[in-house]
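Here's a quick tour for anyone new to reading protein models. Take a look at the sequence and the 3D view, then work through the points below.

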Amino acid sequence: MPIYEYRCDECGHAFEMIRSVSQSDQELHCPICKSPNAKRLMSVFSSCPTSDSSSAGSAPSCRPGPFT
Ligand SMILES: [Zn+2]
């Protein structure tokens, strides 16, 4: 199951949730401030093409950030 990344529009808190594809666009409440304005950023699962497995490891350039 893919991991989705969300960020709260109210408090800016970023968090990850494992959800099924059918749930990915459902309303989500921020775990910090309970705001319903958390927005999905992108799927970590498929956001980074693994073109070179020999250099696998941390790939910070594939992150969607910045979150602030
Ligand atoms: Zn929040």
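What follows is a short briefing, grouped by topic.

This is a predicted model, where local features need pLDDT of at least 70, side-chain atom pairs count only at pLDDT 80 or more, and totals for chains, interfaces and linings use all residues. Residues are numbered from 1 along each chain as its sequence is written, and side-chain values use heavy atoms, with hydrogens and water left out.

**The zinc site**
- Four cysteine sulfurs hold the spotlight here: Cys 8 (SG), Cys 11 (SG), Cys 30 (SG) and Cys 33 (SG) are the protein donors of the zinc ion, lying 2.3 Å from it.
- Donors are N, O and S atoms within 2.8 Å of the metal (3.2 Å for Na, K and Ca), and since water is not among the atoms, sites may look incomplete.
- The site is tetrahedral, with angles of 104 to 118 degrees among its 4 donor atoms (four donors count as tetrahedral if all angles lie between 85 and 135 degrees).
- Along the chain, the donors follow the spacing C-x2-C-x18-C-x2-C.
- Cys 8 in strand β1 (residues 3-8) and Cys 33 in the loop between β2 (14-18) and β3 (38-43) are 25 residues apart, so this pair links distant parts of the chain (strands are DSSP runs of E, at least two residues, numbered from the N terminus).
- Cys 8 is buried at 0% relative accessible area, while Cys 33 is partly exposed at 35% (buried means under 20%, exposed over 50%, partly exposed in between, using a 1.4 Å probe and protein chains only).

**Disulfides**
- How many disulfides does a search of the whole structure find? The count is 0, where a disulfide is a pair of cysteine sulfur atoms within 2.5 Å.

**The nonpolar core**
- The largest nonpolar core has 5 residues in all: Tyr 4, Tyr 6, Phe 15, Leu 28 and Ala 38.
- Such a core is a set of buried Ala, Val, Leu, Ile, Met, Phe, Trp, Tyr and Cys residues joined through side-chain atoms within 4.5 Å.
- Setting aside neighbours within four places in sequence, Ala 38 is in contact (heavy atoms within 4.5 Å) with Arg 7, Cys 8, Phe 15, Leu 28 and Cys 30.

**Pro 2**
- Pro 2 lies in the segment before β1 and counts as buried at 16% relative accessibility.

Methods
Four donors count as tetrahedral if all angles lie between 85 and 135 degrees; four count as square planar and six as octahedral if opposite donors are over 155 degrees apart and all others between 65 and 115; anything else is irregular. Helices (H or I, at least four residues) and strands (E, at least two) are DSSP runs, numbered from the N terminus.
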